[in-house]
Amino acid sequence: MAKKKQAPPALEYRLIITSYIDDLRQTPMTRITLETVQVFASFRYELSIREHVGEKELRYEILGLKAPRLDLPATGTAQFVRDYPRLKGTYTIVVAHIDGTANTFVVQCTAKQMKVLQSPKHPFVELIIA
C-alpha cells in the first residue's frame, strides 16, 4: 500500500530581517521583525516574545498575543520588532513555538548582504531577508 504524502505544516509566522541606516545616529542597524501570517481585523496585537541574545545566537520564544497599547482599532498582523547594531558574521536564529517545537536558521551577515546558510526542513516560520 502506498504511503500518503504528509502535507508540510502551514506557515504561521514570518521572520523578516532588514538592514538599514539609523537616520538619527547615522549608524548601520539590523531590524528583526517576527509577525503572524494571520491578519487581525479588529486590533493590531503585539506578539509576546521571550528574547535571548547570545554572542552569535538570537532566540525568540513565542508566548502568545498581547492586547494593543492603544485602543484604536487597526487591521494588521501581530508583531514583535527589535533593532540591533548591524549583525556581522554567522548567526543562529531560533524561533520556538508555544507548543515547544522550534525552527532554526543559520544566517551569514556581511556589510553588503545577508545569506541563509541553513533553514529547517519543516518550517512554521518563513524567513524573509529584505
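In this predicted model, the loop between β1 (13-22) and β2 (27-40) holds Gln-26, a residue that has a positive phi of about 55° although it is not a glycine. The side of the question that concerns solvent is also settled for this residue, since Gln-26 has a relative accessible area of 56% and therefore counts as exposed, the cut-off for that word being over 50%.

The aromatic rings form a second topic. A pair of aromatic rings is described by the distance of the centres and the angle of the planes. When the whole structure is searched, three aromatic pairs are found, and two of them, including their values, are set out here.

| Aromatic pair | Centre to centre | Angle between planes | Kind |
|---|---|---|---|
| Tyr-13 and Phe-124 | 6.3 Å | 75° | edge-to-face |
| Phe-40 and Tyr-45 | 5.1 Å | 75° | edge-to-face |

In the pair of Tyr-13 and Phe-124, Tyr-13 belongs to strand β1, while Phe-124 sits in the loop between β8 (114-118) and β9 (125-129), so that the pair ties together parts which are 111 residues apart in sequence. Both Tyr-13 and Phe-124 are buried.

For the pair of Phe-40 and Tyr-45, the planes stand at 75°, and because an angle over 60 degrees counts as edge-to-face, the pair is given that description. Phe-40 has a relative accessible area of 14% and is buried, as the word applies under 20%, whereas Tyr-45, at 25% relative accessibility, counts as partly exposed.

How values were computed
Residues are numbered from 1 along each chain as its sequence is written. This is a predicted model: local features need pLDDT of at least 70, side-chain atom pairs count only at pLDDT 80 or more; totals for chains, interfaces and linings use all residues. Side-chain values use heavy atoms; hydrogens and water are left out. Helices (H or I, at least four residues) and strands (E, at least two) are DSSP runs, numbered from the N terminus. Buried means under 20% relative accessible area, exposed over 50%, partly exposed in between (1.4 Å probe, protein chains only). Rings of Phe, Tyr and Trp (its six-membered ring) pair if their centres lie within 6.5 Å; planes under 30 degrees apart count as stacked, over 60 as edge-to-face and the rest as tilted.
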